[in-house]
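Visitor: Pick one part of this model and take me through it slowly, please. I'd like to know what sits where, and what each piece leans on.

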Amino acid sequence: MSEVHDIKIRRFFECLIPVTVCNLKCSYCYVIQRDYRNMKLADFKYSLDTIQAALVKERLGGICFFSICGAGETLAQPETLEIVHRLLENGHVVNITTNGTLKKKFEVLKNFSNEELSRIHFSFSYHYAELLRLDLLNSFFENVKLVHELGCSFVVQLNLCDEYMPYLEDIKRTCLENVGALPQIAATRDESSGLGKVKLMTTLSQDEYIRVGNSFNSELFKYTMENLNVKRNEFCYAGERSAQLNLATGLMSRCYNDPTPVDIFKNPNEAIRFEAMGKFCRSSYCFNSSHFMSLGVIDNGDSRTYCSLRDRQEADWFNPTMRQALSHRLAETNPPYSKEKIRELNVRRFFERNYYNAKGYSRIFAKTILKKIGIYEKIKRISSKNRNY
Ligand code: SF4
């Protein structure tokens, strides 16, 4: 068993690598639903040395938790594991979300030290139908078992949707046989429902969907469903305790819909200004509550943690180091703001929100005009062709 390191995480970074290459083609894939899948590797604007220098503990205020996800398969990008290694060298903790099928990439982990491996967590997306179609089910579980043997932590999670209803018993049995527990469950969104209230990708009633999800005894599922479509009106410390970071461009945002991202790789020696979103979250609900809220961006008395939503303790999915590190909440390392600061920030955010809302409305107005004169679709096609996610 690996030695337990007493890690206190200062900040959480949700990181995107804008690679859209993927060897699977899941019916519910958000990238396919949004029509962004152009099978391109990401272009990195900065060198790995610059990225590493920009993300040192001293600049970020302490050890941080980086969760890295591609727009396609995260490990399809050749630089991903090198970036992970640089972050580990900097002393951070890293999650990698993956479809778990690129065997050679997992073999590379054998070159990492045991101590570094103990600070890696894998989120394995269990894309059962595609794994069956491509005859990759055994290889998927071999890779999960390999990272476990190497000392990494992991979760296996299934996107619950109608496609899987005929296979539920097989899905449960296979996971239980291979990794000692049932998969955790992620609720699957129907992206065609737009930006308003999010619909689930199912023809089942919500009660029936919840009943099926609950048969997996998944804390992750319960938490996600509780928070689905719940507009957050509390003071949110996203921006202070957490951020979103595009690793290819260096652009850091306080959270979703932050209209003022900042390039933090451009001048790696320059101090970063961390400041909370406050009471004016611009999202209709907290899209990734199982990361942000479970890590503690909102002080609402909920004691569930990132680890408690994912670990299957009976099968030791988390190693002792990660169990310790991800069982804390970020308020422990980031005390609440003073009343004065909260008041001042909320006033500023109020005006900021109204300013950017007004800008958004003028964009909608322009779109309506372009549609009326018949050139909107053409412009959209050209810009989506050139889009690098
Ligand atoms: S409530 Fe969620 S989506 Fe809104 S600002 Fe906070 S972390 Fe971001």
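**A loop residue, then a strand and its neighbours**

Guide: Met39 counts as exposed, because it has just 10 C-beta neighbours inside 10 Å, and the cut-off for exposed is 12 or fewer. Keep in mind that this is a predicted model. Met39 belongs to the loop between α1 (30-33) and α2 (48-54), and its phi is positive, about 55°, although it is not a glycine. That deserves a second glance, because most residues other than glycine have a negative phi. Asp316 has a positive phi too, near 55°, again in a residue other than glycine. Its place is the loop between α13 (306-310) and α14 (320-325), and with 16 other C-beta atoms within 10 Å, Asp316 counts as partly exposed.

Now for the part I'd really linger on: strand β5. Is β5 buried or exposed? 8 of the 8 residues in β5 (residues 153-160) are buried, so the strand is largely enclosed by the rest of the structure. In a regular strand the side chains alternate between the two faces of the sheet. In β5 both faces are covered. One side has Ser153, Val155, Gln157 and Asn159, the other has Phe154, Val156, Leu158 and Leu160, and all of these are buried. Phe154 turns up again in the largest nonpolar core: of its 95 residues, Val94, Phe154, Cys236 and Val297 touch the most other members. To see what that looks like for Val297, leave out residues up to four places away in sequence; the contacts are then Cys236, Tyr237, Ala238, Arg241, Ser242, Phe292 and Leu330.

What lies beside β5 in the sheet? On one side there is β4 (residues 120-125), which pairs with β5 in the parallel sense over 5 bridges; there, Ser125 stands opposite Gln157. The other partner is β6 (residues 184-187), also parallel to β5 and joined to it by 4 bridges, with Asn159 opposite Ala186. To get from β5 to β6, the chain passes through helix α9 (residues 168-179), and this β-α-β crossover is right-handed.

Helix α9 repays a closer look. At 1.5 Å a residue, its 12 residues should span 16 Å, and the end C-alpha atoms are indeed 16 Å apart. Its buried residues are Thr174, Cys175 and Val179. Looking down the axis of α9, you'd see these buried residues fall within an arc of 95°, so they line one face of the helix. That buried set packs against α8 (137-150) and right back onto β5. The face turned away from the buried side carries the exposed residues Glu169, Arg173 and Glu177. After α9 comes Gly180, with a positive phi near 75°.

Finally, zoom out to the whole sheet. It is open, with 9 strands in the order β6-β5-β4-β3-β2-β1-β9-β10-β11, and the pairing is mixed. β6 and β11 (262-263) are the edge strands, each with a single partner, so one side of each has no neighbour in the sheet. For an antiparallel pair, go to β9 (residues 242-246) and β10 (residues 251-253), which are joined by 2 bridges; Leu245 has Met252 in β10 as its bridge partner.

How values were computed. Residues numbered from 1 in each chain as written. Predicted model: local features only at pLDDT ≥ 70, side-chain atom pairs only at ≥ 80, totals over all residues. Buried ≥ 20, exposed ≤ 12 C-beta atoms within 10 Å, placed from the backbone. Pairing = 2+ DSSP bridges. Right-handed = clockwise from strand over helix to strand, strands pointing away. Core = buried A, V, L, I, M, F, W, Y, C linked by C-beta atoms within 7 Å. Contact = placed C-beta atoms within 7 Å. Expected span 1.5 Å × (residues − 1). Arc of directions from axis to C-beta.
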